[in-house]
Amino acid sequence: MMKFSRQSRLLKPEQFKMVFQQPVRTSDDCFRVLARANGVQQHRLGMAVSRKVSAKAVGRNRIKRVVRESFRTRMLGSDSGIALDIVILPTAQASHQSNKILNESLSVHWQQLTRKAGNRNYGSQPDHLRTQK
């Protein structure tokens, strides 16, 4: 069982900016997920959960808790070949969903990201050529 440590997090603004520059994207009704190869040995997670998602801190914190736990159990310790920096951007609809639905959504995102990581050379295509799913 892997622990969600400081080394597993995106902490600095420069780390977030790198992911936003040329990301691989997946999205659905609950989340927009951006990812980029990071050149370190493990996946790292960053979240941007704004008040637009949920006006109350309780709702935002619940989403962050679900995302962290899903990341810890599914991504940490997995050997997908390429280590990713991942930024999660929940939608306003995510705050109205149950934890089970959020977990199922995140499972699909983790699978899509690891598949795309194996198929794509990250910096080689301009944004207008990338497909969004």
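**Exercise 1.** Find what covers the buried residues of H2.

*Solution.* Start with the list: the buried residues of H2 (buried means under 20% relative accessible area with a 1.4 Å probe, protein chains only) include Ile 63, Val 66, Val 67 and Phe 71. Next, look for contacts, meaning heavy atoms within 4.5 Å. The cover includes strands S2 (31–37), S3 (44–47) and S4 (84–90), plus helix H3. Helices (H or I, at least four residues) and strands (E, at least two) are DSSP runs, numbered from the N terminus.

A word on the input: this is a predicted model, where local features need pLDDT of at least 70 and side-chain atom pairs count only at pLDDT 80 or more, while totals for chains, interfaces and linings use all residues. Residues are numbered from 1 along each chain as its sequence is written, and side-chain values use heavy atoms, leaving out hydrogens and water.

**Exercise 2.** Work out which parts the aromatic pair ties together.

*Solution.* There's one such pair in the structure. Phe 71 and Trp 110 sit 5.8 Å centre to centre with 65° between the planes, so that's edge-to-face (ring centres within 6.5 Å, Trp by its six-membered ring; planes under 30 degrees apart are stacked, over 60 edge-to-face, the rest tilted). Phe 71 belongs to H2 (residues 57–74) and Trp 110 to H3 (residues 99–119), so the pair links parts 39 residues apart in sequence. Check burial: Phe 71 has a relative accessible area of 0%, Trp 110 one of 3%.

**Exercise 3.** Which element gives the largest share of the largest nonpolar core?

*Solution.* That core has 24 residues, with Phe 71 and Trp 110 among those having the most contacts inside it. (A nonpolar core is a set of buried Ala, Val, Leu, Ile, Met, Phe, Trp, Tyr and Cys residues joined through side-chain atoms within 4.5 Å.) S2, H2, S4 and H3 each give two or more residues; H3 wins with five.

Definitions and conventions:
Buried means under 20% relative accessible area, exposed over 50%, partly exposed in between (1.4 Å probe, protein chains only).
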